[in-house]
Amino acid sequence: MKTFIGSGIGGASTAVENATSGLYLPSLIIFYAPYDKLAEAASELKRKYPQSQSIGVIGTKVINGTSNDNGIVVVGFFDDVRVQAGVIKNVSKCPAVAIPGILNQIAFLKSGEEDSVCIEYCTNNEENVVTILNSCINGTGIKLVGATAFGTAEGEKPLVAFNGEVYEDACVYAFVKNNTGRVKVFKENIYKKGKDSKPHCATSVDTAARVLKTLDDKAAADVYSTEIGIPKGKIVDNVFKNPIGRVVDDEVFITSIKDVYPGGAFENYKRINRNDCIYFLELGDYRSIEEETRTLINESVQHISLILSVDCIYRYLFYQQEDYFDTYIKDMASLGKHVGIIGGGEQFNNQHVNQTMVCVVFE
Amino acid sequence: MFKKKDKTPQSSQEVVVKDKIADELFAIKYINQYIGEKKEELIDEEMTTISEISKVSDAYNISVEKSNAINADIEEVSKGFVHAGAVSENFNDVVEKVISVSDNAADAAVDLKRDSDRVAEQFEQMQQVYEDFNESIDEINAVTGNIITVANQTNLLALNASIEAARAGEQGKGFAVVAGEVTKLSFDIKELVAKVNVCMNRIQRSSRLLADSLEDANEALNGSKKQITKINGIIDGIRDSISGVSDSREEIQNVVSKCSEQIEGIKAEMTDYQSQFDFVVKLSEDMKRMLTKKSFMFEDISNMLEQVDPLVAQIEEKL
C-alpha cells in the first residue's frame, strides 16, 4: 500500500507546505496539528488538495521515532485504498442522525475480512461515538481505532477537522479499505490484573459525570486505599502504577482516575457502569510488553506500509518520567513508517479506554 | 365487490417535512431496531448467566459434600488420636515400670558384682590354700618316701641282725651293733613321723581353712545365685514390661498407621476440595466478568436511548 508521511514546522501555511512536500493527489489526508494551527492547516490542505478527503485532530505527534508538539504532520493515502470520510456532529446529543450517511459509506466501501478500518478522532462523548460507529460496522469486518483530542488551549473547546472545516462536539472519521493487503489493529496494555487482585463490584455510579461512587457498597477510595496500601490523598498520583480496569474474559479495559472526591468517589476519564467488575491493576514490565507487541505486529503483518497509533497522554507522561518515551517511539519506528498521536482517550473496536496504546497497521 | 383503495397522493409539504426529518426518523427506527437486537443479545447472555449460576450451585453443592466428607474423616482421626492418647498413657505407665524395674536391675547388678567380687576373693584364697595344701602333700610325699627308705633299711638291718645272731650264738656282739643301728633307725623314724605329724597338722589346718573358704565361697555363691535369681526375676519383669511396651507400641503404631491413612485420605480430599473451591471461586469471578460484559451491552443501549429525546426535540424543531 502506498503511503506518504511528512512533517513541517513554523506557521500553519509554512508547516503545511513543508509537510506536504512531495505529496500528490492523495485520496485521503490525515493530519495532526497544534490547537492554534488546526483550523488554518485544515483550510490550507483543502485549498491545496480540493479533491482529497481529509480529517485532522490536535495533539502531540509522533513521526518515525521523533515527537513534537508544535509541528504539523501529514499522512497521505492514495488510490490503492478505498476511502470514505465524514464527520459526526453533536456527539454529545444525538450522533445517531449521522447513521444513514455512515451506513451508505460502509456499503460503498465493500469491506472484506481484515482489509478495512475506521479511523476516528473525536472531541468528547467517546462512548456515544463508539456505540454509533460500532453499531454500523458490526458484522462488516471493519475494525475501529480512534483517539480523543488532547491539547486544547486553556478555556477553549477541543477541535477536530474534516474537509477543511473544524468542529467542536464532533467526531471525524475515515473508513479505509486496503486493496493491496490486510489491515490489522492492535491494543496494548502495560497494566495487568495481578494474581492477587480481587474483583470488586461497582455498586453506585454516576455515568453522566463518569463518577464511580462505591465498590462493594464501600467508598471507592476506601476500597482502593485498603487494597493497594496507599493513603487516599495519594490515589491520583498513583494512577501511573495502579489504574483501575474492567476485565471481560482475558481482556483488560483501563479507566484512569481523574480525581478523588471528599466522600471517596472517583471521577474518571472513562465511564464505569453499575455492576461492572473492577480490578485494581498493576504495572507490568512495560519494556518486555512493548517488545512483545512489536514481535506480535511483525509476526502478524508481513510487509508493513504504515502504522498509525494512539498513545494515551498518561502513557506519554509515564514514559517521559521513566525516560523511556524516546526509546519507545524509536522502537516503534523500527517496524516501519510510524505516525502517532497522543490522545486523551483511546477507542478500540467496541470500547473507549484509557492508558492504552491502540494502532492500525497497514500491509 | 372490491372497493378501490383511496390513494391520496402525499402533498408536497408532507414530502418536504418528511425529507427534513428523514435522518431523525431513520435514526429513531434504527435505535429501536438496535435496542431490539441488543435485548435479544442480553437474553442470550442471561441464559448463559443462568447456566453459569447452575454450575456455581452444582459446584458449591459438591464442595459442601466434600466438606462433610472431610469433616467425617477429621472426626475419625480425632477419635484415633484420643485412642492413641489413652494408649500413650498406658505406654507411659509401662515405661515408668520399665524404668523402675531397670533401676532395680541396676541395683541388683551392683550387688551381684559385689558378691561376685567376694567370690573371686574367696577363690583366690582357696587357690592359695590349695597351693599350700599341695606343698604340704609334696612334703608328706617326700617324708613318706624317706620313711619307706628307712623302713627298707630297717628291714635289711633286721635281716642282717638275724643272720649275725644266728652265727654268734654266744657272741652276739654283732647283734648289739645291729641293735644299735635299729635304734638309730627308730629315732630316724620317730623324727620322720614327727615331721609327718607336723605336716599332717599343717594339712589339717589348711584343710580347715580350705573348708572354711569353701564354705564362704559357697555362701558367696549362694548369695550370687540369689542375686542372679533376683536379677532373672527382674529381667523377667523387664521382659514382661517390654512385652507390655511392645504391645502398647504396636497398638500405638496401629492407631498411628490408621490415622496416617486417614490423614492421607483427608489430604487428598482437601486437595480435591481446594480444586473444587478454586473452581467455585473461578466460576464466581467469571460470573462477575459476565456482568461486565452485559454492562457493555447496557452501555450501548443506554447510549442509544439517550439520543431519543434530543432526536425528538430536533424533529419538533424542524416541524
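Which residue is the bridge partner of Gly245(A) in E22(A)? The points below start there and then move out to the place where the two chains meet.

1. **The opening question.** Please keep in mind that this is a predicted model. In E22(A), Gly245(A) has Tyr279(A) as its bridge partner. The strand E22(A) covers residues 277-283, and it pairs with E18(A) in the antiparallel sense over three bridges.

2. **The other neighbour of E18(A).** E18(A) is also joined to E19(A), residues 251-255, by five bridges, and these two strands run antiparallel. Here the residue standing opposite Gly245(A) is Ile254(A). Gly245(A) is therefore a handy landmark when you look at the model, since DSSP bridges define the pairing of strands: find Ile254(A) in E19(A) and Tyr279(A) in E22(A).

3. **The turn.** E18(A) and E19(A) form a hairpin with two residues between the strands. Have a look at Asp249(A), which takes a positive phi near 55° in this hairpin.

4. **How covered is E18(A)?** E18(A) spans residues 244-248, and five of its five residues are buried. One side carries Ile244(A), Arg246(A) and Val248(A), the other Gly245(A) and Val247(A), and both faces are covered. Arg246(A) deserves a second glance, as this buried residue also takes part in a salt bridge with the other chain.

5. **From strand to interface.** The side chain of Arg246(A) meets that of Glu299(B) in a salt bridge, at 3.5 Å from N to O. Across the interface of chain B and chain A, two salt bridges are found. The two chains also have eight residue pairs in polar contact, counting residues at pLDDT 80 or more.

6. **What chain B brings.** On the side of chain B that touches chain A, helices H2 (22-168), H3 (173-305) and H4 (308-318) each supply at least two residues. H3(B) gives the most, with 13 residues. By character, the residues on this side of chain B divide into 10 nonpolar, six polar and nine charged.

7. **The extent of the interface.** In the contact between the chains, 25 residues of chain B meet 30 residues of chain A. The size of an interface is often given as the accessible area lost when the parts come together. For chain B and chain A the buried area is about 2400 Å², with 57% of it on carbon and sulfur atoms. Arg289(B), Phe296(B) and Glu299(B) supply 24% of the area that chain B buries against chain A, more than any other three residues. Glu299(B) is thus worth finding twice: in this trio and as the salt-bridge partner of Arg246(A).

Conventions:
Residues numbered from 1 in each chain as written. Chains lettered and ligands numbered in written order. Predicted model: local features only at pLDDT ≥ 70, side-chain atom pairs only at ≥ 80, totals over all residues. Heavy atoms only, no water. Contact = heavy atoms within 4.5 Å. Buried area = accessible area lost by both parts, 1.4 Å probe. Salt bridge = Lys/Arg side-chain N within 4 Å of Asp/Glu carboxyl O. Polar contact = N/O pair within 3.5 Å; in protein donor to acceptor, adjacent residues only side chain to side chain. Helix = DSSP H or I, 4+ residues; strand = E, 2+ residues; numbered from the N terminus. Nonpolar A, V, L, I, M, F, W, Y, C, P; charged D, E, K, R; others polar. Buried < 20%, exposed > 50% of the residue type's maximum accessible area, 1.4 Å probe, protein only.
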